[in-house]
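Visitor: Hi, I'd like to look at a sheet today. Can you put the model up?

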Amino acid sequence: MNRIGQFYKVSFQQFEEGWTDCFGKEVREACQAVYEKISLPRRATKGSAGYDFALPCPVALAPGETIKIPTGIRVRMEEGWLLALFPRSGLGFKYRMQMNNTVGIVDSDYYGSDNEGHIFAKITNDSNEGLTMKLPAGTAFMQGIFLPFGITEDDQAEAERNGGFGSTDRG
């Protein structure tokens, strides 16, 4: 096994900014309590490929509803690796829970971004059976798998990232 990275919590200031963006203005004490309970992603067994991300707050989604979740997590990893984010299999099977970007990709240079590399997830309950997805805080909802990647022999990329979604398209 290659040991190529480490998970960390983002600063409280960065989490509070993400929390407010997702849920509106909250009392600082409530946000602080949520932040203090955030746990770092971990594998459930030594044979698990995925690191489970836990919900920082309870979620209840009726079929067709969507929520954006600030995980409070960032990841440092070696260049040449990425973290791919997928829904947990059981939630996909039971509720057709889906990641709105199908598969989240966290690049190694995201860690040093101006938002500290704060990982967000946007999920939808796509149940065809009318099931409301009710998950308490602390439920593992998404899994991250580290994957190596290659580049072309004639690659010329030299730009540096500063931001999240869409930041690499900015000129």
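Guide: Here it is; note that this is a predicted model. Three strands form an open sheet, in the order S4-S9-S7.

Visitor: Parallel or antiparallel pairing?

Guide: The pairing is antiparallel.

Visitor: Which strands stand at the edges?

Guide: Strand S4 (66–70) and strand S7 (98–99). Each has a single partner strand, so one side of each is left without a neighbour in the sheet.

Visitor: Does anything pack on the sheet? What touches S4 and S9?

Guide: Helix H1, residues 12–23, packs on the sheet and touches both of those strands. The direction of H1 makes about 170° with that of S4.

Visitor: Back to the pairs. How many bridges join S4 to S9?

Guide: There are 5 bridges between S4 and S9. One facing pair to find is Ile67, which stands opposite Ile123 in S9.

Visitor: And how many bridges for S7 and S9?

Guide: S7 pairs with S9 (residues 120–124) over 2 bridges. Gln98 stands opposite Thr124. Met99 stands opposite Ile123.

Visitor: What holds paired strands together in general?

Guide: Strands of a sheet pair through backbone hydrogen bonds.

Visitor: New topic. How many residues of S9 are buried?

Guide: In S9, 4 of the 5 residues are buried. Buried means under 20% relative accessible area. So S9 is largely enclosed by the rest of the structure.

Notes:
Residues numbered from 1 in each chain as written. Predicted model: local features only at pLDDT ≥ 70, side-chain atom pairs only at ≥ 80, totals over all residues. Heavy atoms only, no water. Pairing = 2+ DSSP bridges. Contact = heavy atoms within 4.5 Å. Axes fitted to C-alpha atoms, helices over the stretch in contact; angles between N-to-C directions. Buried < 20%, exposed > 50% of the residue type's maximum accessible area, 1.4 Å probe, protein only.
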